[in-house]
Amino acid sequence: CTECSCSSGKETDKDTCNTKKKENGDRPFIPKIFFGTRTHKQISQITRELKRTAYSSVPMTILSSRDYTCIHPAVANSGGNRNEMCVELLEGKHGKSCVYYHGVHKLCEHHALQSAHRVYQAWDIEDLVSLGKKLRACAYFAARELMVDADIVFCPYNYLLDPQIRESMDINLKGQVVILDEAHNIEDCARESVSFGVTESQLRAAREELDFMVSNNIRQKDHEPLRAVCCSLT
């Protein structure tokens, strides 16, 4: 870095190395590159271009929703809320568990083996899902596991902007490199992250439940203001 034209030249290689954060003893902290895009389709285009470069063999992963990566037949073909159904399977609420989740290590080991033999190639979501079906392994959680050793992580904007999603996906951006493609869309995405849509029927149902709470003297101080908000909105 000190030989780069943009360097001040005041720091030596030794000084620069000493100022870097350390992890796992003497191992230097190497930041990940988080590459955010507006849509999943754009991730496909970027990974396709990455495959054509000299960096195609760099360990990578793609974070996406269960809508794109879930391969469990009952969940993927249900048309319902895949997130809720996935959680129910993982918790074994109805006496059933997800056999694909227990096969996550198969996908991770496959990519580790490819990397060891230097045949690792940039891949897309469809590639991971296809391999997941072949190995009967969950592509959604495998992608999250691969993030640990990945040098570059592709994901939609909201995975980086929304604090709740960052927390749920164990994304820590401190000290990392963040690249935002087509950044003029960031304002809209940021607004969507803190916005919520609700229908009139949902408001009326909420008001009825709050009426019941207040009339039965259940935490009136908390529920009366909420009921007033519902009434004013409807």
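This passage describes the nonpolar core, the salt bridges and one surface lysine of a predicted model. In this predicted model, local features require pLDDT of at least 70 and side-chain atom pairs count only at pLDDT 80 or more, whereas totals for chains, interfaces and linings use all residues. Residues are numbered from 1 along each chain as its sequence is written, and side-chain values use heavy atoms, with hydrogens and water left out.

The interior is considered first. A nonpolar core is defined as a set of buried Ala, Val, Leu, Ile, Met, Phe, Trp, Tyr and Cys residues joined through side-chain atoms within 4.5 Å. Here, buried denotes under 20% relative accessible area, exposed denotes over 50%, and partly exposed lies in between (1.4 Å probe, protein chains only). The largest such core comprises 44 residues, of which M60, L63 and F154 touch the most other members. The greatest contribution to this core, 6 residues, comes from helix α8 (residues 139–146); helices (H or I, at least four residues) and strands (E, at least two) are DSSP runs, numbered from the N terminus. When residues up to four places away in sequence are not counted, F154 touches F35, I43, I46, T47, L50, M60, T61, I62 and L63, a contact being heavy atoms within 4.5 Å.

Charged pairs are considered next. Side chains of opposite charge can pair when their charged atoms come close. A salt bridge is assigned where a side-chain nitrogen of Lys or Arg lies within 4 Å of a carboxyl oxygen of Asp or Glu, and the count by this rule is 7. One of these joins R144 to D170, with the closest N and O atoms 3.9 Å apart. This pair links distant parts of the chain, 26 residues apart: R144 belongs to helix α8, while D170 is in the loop between α10 (163–168) and β4 (177–180). R144 is buried at 18% relative accessible area, whereas D170 is exposed at 59%.

A salt bridge is also formed by R204 and E200, at 2.5 Å from N to O. Both residues lie in helix α12 (residues 200–215), and because they are 4 residues apart, about one helical turn separates them. R204 is partly exposed at 35% relative accessibility, and E200 is partly exposed at 46%. In a further salt bridge, the closest N and O atoms of R219 and D222 are 3.0 Å apart; R219 is exposed at 56%, while D222 is partly exposed at 40%.

Finally, K134 is located in helix α7 (residues 125–135) and is exposed, with 71% relative accessibility. K134 and L107 are 27 residues apart along the chain, and their C-alpha atoms are separated by 9.8 Å.
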